[in-house]
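Dear colleague,

I am handing over the structure below, and after it I set out what was found there. Please read the notes with the model open beside you.

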Amino acid sequence: MAALIGRLRAAGATVDATDLADALWLADCTGTGLAQDQGLARDDAPATGETAGTGDVTGSGAPDTPSLAHALRPLRGYGPWTRPSGGGRNARLDEPGTARTHAAGGCTVPVFRRTRSGQARMQLLVDDSLSMSLWDRMVEELRHACEQAGVFRTVTVHRLRPHPDGEAGVLHGSGETAWLGPAGALCDVSGRTVTLLLSDCSGPLWHHGAAQRLIHRRLGTGPLAVVQPLPERLWSDTSLPTESGTLRLVPGPGGALAFDPLRSATPPSYEQRPSYEQRPSYGRRLPFPVLPPTSDALGAWARLLAGRGGGALAASVAWAGARDEGAVPRPRPAHPPERLIQEFRSVASSAAQRLAVHLSAAPLSIPVMRLVQHAVLPETGPGELAEVLCGGLLEPMASEADEAWYEFVPGVRELLLRGLDLDEARTVLEHCSRYVDRVFGRRARNVPALVLGHLTGGPVDLGETADGPVPRPFAEVPRDVLRRFQPSGIIGPSAGREDNTVRAVADSEQALAKARSHLRRFEQRGGISDLWEAVRTLRAAARTVETATLLAECLVALWDLHRDRGALQDAEDAARAALTLIEPDLARAHFVLGKVLRAESEAAPDAETRAAVLTEAADSLERAYSLLRSDPRPLLDVLLCVVEVVRERYRLGGDRRLLYGAQVRLDALLEGWPGDQPLPGSALLARGGLLMALSENARLRDSSDESRALAVQAAADFEQAAALATQTEEPRTVVCRARLELAEARAVVTGDRGAAGVVSALTDALRTAGDTGELRLRGLWRLAEAHTERWTRTADPTELDTADGYFARAQAELPADDPRRPRLLTARGRALLSRAEASADVTAVTNAVRVLRAALAQTPESDAELPARLLLFGRALHQHHRSGGTLTDLHEAEWLLSRAARGARAAGDTSTEAHAWLERGDGLLVLARAQSATSEYEDRAAESYRRAAAATESSADHLLAARAMHRRGTVLERTAGPARALDAYRTAWSHWQASGETRGAEGRETLGRMRALSGPAV
């Protein structure tokens, strides 16, 4: 009985003898003994591994939600956050007591039960960096645990991202409508908010101190702890270093903590520690605990705050300062891959080591890694995956996408793949293939499925799909797996040596028949083993021109699959070996060598090397051409390859004589084509391409008539090629390409990229493209541009709606990491902004902001187009504010437009610089209107207008300078007086005169203000 009374008093409950008797009677009626009261026992019992006087937070393993909830229950008894209540609005109705009163007295009198009304609020802050997506489930577990603890009045979750002002921002909303606000509003000065910050401390918030500064501000208003999900041995590799010691609770509200480090002396960077009565600050830095996500650790911290853990807690502690600059993780030394793997295996668990081997066959994004982990090692969790991520084997990829991508340190993947057997590789590729189908659609190019089909020998049916919205690692990594299982003797120094599996075939005819049989099966079924067998058969055959050239073509096909430079080198060696043989079919040897060199130019490391390889390819094709003058079909094959090489050489050197030479040869071939055979559409398509390249060259030389005449000839070729390809039932890709080129030719002829003939050709091309990714993308993009161009001529907003529909479909076709994606998003955002400005469409401007924000996120800082895209985004934010947005739009636009102006100035783009300063000034004036008196916003606006006018000096854009100085004058009238305003108006008037726009509305207004300020003599 004494123990029960003591516990009730310790919990803050005031009971008399009657209350105690009622409690005992109720316990007896329900059959619940005092010893079975799990809630009371768990609140006071020390966690495993703790002493009664000092807590210890060195737990391991992630607990389930109920254990976390019980760990947080000691906060129920913390005085500053709770108060006893009687029959007020926080009291609870005692239904059994009310019933007994009614039975005894015959009247209903409500009986209220004395409760303790929780006043504490739980605030869960979640670092929303890309690497934290690994711990989404833990966020939900913590939230549910806080809700089930029954301690907190409210539980809120906020996600943190870097704000444009350099501090931490809070993400509001979700999906496409999400926006970023300042994190200052998270601080609760009442001291009744408990904060847990879940982070792996490895993201950008920690690198420059934004998270540390937020913690420092938050520590002044209530208790806070960082929950670190990574294993403790990995904490030293993050941007939040910790040290061990003892935390003490400082008397007073707010949950302030003092820290006693285990080290013997305080480092010189810390000031002398104040007494425990004052708020502890070591060199203006405050300590806070860093806890693993375990019930032991969270329970010990909760008991410390509640004053029930002996007043001290052994914990790992980090520091936060008001001007903390953060800490970037130390770069790892450049070790060879063998040593990196050895170091990883020395510290990683066996499950993490096995997981790393399986991940060597997968693209390294968080969702894919989790998928592979669940498929091959379902007994492991995020801890093992975190070991791999932080084990020194991976490095983040340079990507602006919304998804974290990693890649192995060079050389590591190849070594890890050696530990993967074929069945395991097939399992990983199968799940990657399903992921591509599920996320990107069956129309996307599924390289994992392709490689899986090659490895299993089963059918590979990808239709005519060329590309899709699939990131490049889904194509590159499966090719590495394919190379891993390629038999020895196919490529490299050992190739061609006899082994026990392949006998030398003396009869070249027999070898050719066998190799061609394997090639047919490869083309029909896609099993790469057939291609490997063809290569091995040809290597073992007697060397002739036919066997050597067929071997070279097989090796080029192998290179197309896995991009192994060794295959190209062996193909070149085989083609050159064919030239040393004295046989009548040397034309084919030269032709194949030209094709091999053409493929090799794609892998050249620089433009100079590429030009040299293409020149050699052209020489080899020239020899083949000279040997095939009498046979039109083989000659056509050679000339088509010649055209490809010529166009590549023209792109590198700009010599249009190469184009003329190839055109003359195609003219001669088509004129002498046998009359009983239809003209080849491929030849017409190639000649049309040459004519369009010459037309573009003429345009660059300011010869518009020549450019238009060449485009007319090209249009005739493309139209005839499309018709012939349709009649002869050639692949629809040929028809589609001809119609796309026809649209480009008609645009040059008419001088209108949105002409009716252009749209008609593009529509036909899109219908013919079907599911062919690259051609479909090109058709959709061009149709969007055509309808945008039509809007500029007709001012019909429905044209912009149609254009946006095509842009959206093109966006869905483009791979997520394709370098063209920011350009497409910018074009779409510009069209949406034009739609919003034309009709004040709120939906259009909201979509414009969303699309342009995505374009900026994927634009590298080194991109020359970044200033122009920043300017466009700033304009969109201003339009969004005019359509009912908040002042946040204007503040964000001001910062972005400043970046745009400075970036344009550094790049020498004075036009973008001037427009950015002008747009920034307009936004600052809107901000100034919210002020009751003259504000600094007006002064900054006047300065922006001055800079806009100054930026136009080199470009002599008098119209823009006049507008900037006129608006500067209107501001100076209110802030600096009539004299300075008059100077600005006079400068503006001189620019109006130079531009010839003195009769416009703004010009007349400038003149009117000059007269008003200086008198009628002006």
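Two strands are said to pair if DSSP finds at least two bridges between them. Please keep in mind throughout that this is a predicted model.

With that meaning of pairing, one place to begin is an open sheet of three strands, in which the order is 16-18-17 and the pairing is antiparallel. Strand 16 (364-365) and strand 17 (394-396) are the edge strands of this sheet, since each of them pairs on one side only. Between strand 16 and strand 18 (residues 405-408) the antiparallel pairing runs over two bridges, and within it Ser365 stands opposite Trp405 of strand 18.

As for the chain as a whole, the protein has 40 helices and 18 strands. Of its 1018 residues, 48% are buried. Among the contacts with a separation of 6 or more, 68% are accounted for by residues that lie 24 or more positions apart in the chain.

A second strand region deserves a careful look, namely the surroundings of strand 10. Six of the six residues of strand 10 (residues 193-198) are buried, so this strand is largely enclosed by the rest of the structure. The cover extends to both faces, with Thr193, Thr195 and Leu197 buried on one side and Val194, Leu196 and Leu198 buried on the other. Strand 10 also has two partners: it runs parallel to strand 6 (residues 121-127), to which it is joined by six bridges, and it pairs, again in the parallel sense, with strand 11 (residues 224-227) over four bridges. To find these pairings in the model, you may look for Leu124, which stands opposite Leu196 of strand 10, and for Leu197, which stands opposite Val226 of strand 11.

Following the chain on from strand 10, one reaches Cys201, which lies in the loop between that strand and helix 7 (204-207). The phi of Cys201 is near 55 degrees, a positive value in a residue other than glycine. Is Cys201 buried or exposed? Its relative accessible area is 1%, and Cys201 is therefore counted as buried, the cut-off for that class being under 20%.

Asp702 likewise is not a glycine and yet has a positive phi, of about 60 degrees. This residue belongs to the loop between helix 26 (681-700) and helix 27 (704-727). Asp702 has a relative accessible area of 73% and is therefore exposed, the cut-off here being over 50%.

Finally, there is a pair of helices to examine. Two packed helices are described by the angle between their axes and the distance between the axes. Helix 38 (residues 958-975) packs against helix 39 (residues 978-995) at an angle of about 160 degrees, and their axes are 8 Å apart. Angles over 145 degrees count as roughly antiparallel, and helix 38 and helix 39 are therefore roughly antiparallel to each other. The crossing of helix 38 and helix 39 is left-handed. Residues making the contact include Leu959, Met965, Arg968 and Leu972 from helix 38, and Ala984, Tyr985, His991 and Trp992 from helix 39. Taken by class, the residues of this contact divide into eleven nonpolar, seven polar and four charged.

With kind regards

Terms used:
Residues numbered from 1 in each chain as written. Predicted model: local features only at pLDDT ≥ 70, side-chain atom pairs only at ≥ 80, totals over all residues. Heavy atoms only, no water. Buried < 20%, exposed > 50% of the residue type's maximum accessible area, 1.4 Å probe, protein only. Axes fitted to C-alpha atoms, helices over the stretch in contact; angles between N-to-C directions. Parallel < 35°, antiparallel > 145°, perpendicular 65-115°, else oblique. Left-handed = near helix turned anticlockwise from the far one by under 90°. Contact = heavy atoms within 4.5 Å. Nonpolar A, V, L, I, M, F, W, Y, C, P; charged D, E, K, R; others polar.
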